[in-house]
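Subject: Structure handover

Hello,

Here is the structure you asked about. Please open it alongside this note; my findings follow below.

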Amino acid sequence: MNASLRPSSDTTPVAIATRHDTVALLAHIPLPPLDLLSDARARGAQCIWGGEPLTTATAIDLGERVTNDAHWFPRACLRCTRSAVRAARNSHPGQCEQCVDGTALCETRHALHDLLLELRR
């Protein structure tokens, strides 16, 4: 069973079951370059995109990233994560050979769409 991204209403992060590998999907969601981020955004205290303060209950973990031998763990708010997943889903067909034959055949685009639906709940 794979877990999707989802904040919690309490202090324990909640994972929602999906059919897709959430970690693999994270690679399709572009992040700002680490060297352009404030310390608070780079360490996950603030949303990586919008800069809103995050708590354990409101943060969505975007997984470990490795950049130039630096390991970092970006986090985001639900609103910004939805926007980023929507943008990744919408831009994917222009970057995918499978989508040239039709987006209905592409599992990655379907997975991004499903993740977006999960984040809307």
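The largest nonpolar core has 25 residues. Ile29, Cys47, Ile48, Leu62, Val85 and Leu119 touch the most other members. Helices α1 (22-26), α3 (78-91) and α5 are the elements that give two or more residues to this core. Please keep in mind that this is a predicted model.

Ile48 deserves a look of its own. Leaving out residues up to four places away in sequence, Ile48 touches Leu31, Pro32, Leu37, Arg41, Leu62, Trp72, Pro74, Arg75 and Ala76.

**Overall layout**

The chain has five helices and six strands. From the N terminus, the order of elements is β-β-α-α-β-β-β-β-α-α-α. Of the 121 residues in the chain, 40% are buried. Take the contacts between residues at least 6 apart in sequence: 49% of them join residues at least 24 apart.

**Helix α5**

Helix α5 covers residues 107-120, which is 14 residues. At 1.5 Å a residue, α5 should span 20 Å. Its end C-alpha atoms are 20 Å apart, so the expected span and the model agree.

Which residues of α5 are buried? They are Ala111, Leu112, Asp114, Leu115, Leu116, Glu118 and Leu119. Note that Asp114 and Glu118 are on that list. Leu119 is also one of the core residues that touch the most other members.

His110 is in α5 too. His110 counts as partly exposed because its relative accessibility is 38%. Its C-alpha atom is 8.3 Å from that of Arg89, although the two residues are 21 apart along the chain.

**Cysteines**

How many disulfides does the structure hold? Zero. Cys77 is in no disulfide, and the nearest cysteine sulfur, that of Cys80, is 3.5 Å away. The cut-off for a disulfide is 2.5 Å between the sulfur atoms. Cys96 is likewise in no disulfide; for this residue the nearest cysteine sulfur belongs to Cys99, 3.7 Å away.

Both cysteines have low enough accessibility to count as buried: Cys77 is at 11%, and Cys96 is at 14%.

**His92**

His92 sits in the loop between α3 and α4 (97-100). Is His92 buried or exposed? It counts as buried, because its relative accessibility is 7%. Setting aside residues up to four places away in sequence, His92 touches His28, Cys99, Cys106, Thr108, Arg109 and Leu112. Among these partners, Leu112 is a buried residue of α5.

**Charged pairs**

There are two salt bridges in the structure.

- Asp39 pairs with Arg43, and their closest N and O atoms are 3.0 Å apart. Asp39 and Arg43 are both exposed.
- Arg79 pairs with Glu52, with the closest N and O atoms 2.6 Å apart. Arg79 lies in helix α3 and Glu52 in the loop between α2 and β3 (60-61), so this pair ties together parts that are 27 residues apart in sequence. Glu52 is partly exposed, at 23% relative accessible area.

Arg65 is another matter. Arg65 lies in strand β4 (residues 65-67). This arginine is buried, yet has no salt bridge. What is the nearest side chain of opposite charge to Arg65? It is Asp61, at 8.1 Å. The cut-off for a salt bridge is 4 Å, so that distance does not qualify. Beyond residues up to four places away in sequence, Arg65 touches Leu26, Ile29, Leu31, Ala70, His71, Trp72 and Pro74. Leu31, Trp72 and Pro74 also appear among the contacts of Ile48.

**Ala40**

Ala40 is in helix α2 (residues 39-42). Its relative accessible area is 16%, so Ala40 is buried. Apart from neighbours within four places in sequence, Ala40 is in contact with Ala45 and Gln46. Gly51 is eleven residues from Ala40 in sequence, and the two C-alpha atoms are 8.4 Å apart in space.

**Where to look in the viewer**

Start with Ile48 and its contacts in the core. Then go to Cys77 and Cys80, with sulfur atoms 3.5 Å apart. Finish at Arg65, which is buried and has no salt bridge.

Best wishes

Definitions and conventions
Residues numbered from 1 in each chain as written. Predicted model: local features only at pLDDT ≥ 70, side-chain atom pairs only at ≥ 80, totals over all residues. Heavy atoms only, no water. Helix = DSSP H or I, 4+ residues; strand = E, 2+ residues; numbered from the N terminus. Expected span 1.5 Å × (residues − 1). Buried < 20%, exposed > 50% of the residue type's maximum accessible area, 1.4 Å probe, protein only. Core = buried A, V, L, I, M, F, W, Y, C linked by side-chain atoms within 4.5 Å. Contact = heavy atoms within 4.5 Å. Lys, Arg positive; Asp, Glu negative; His and termini not counted.
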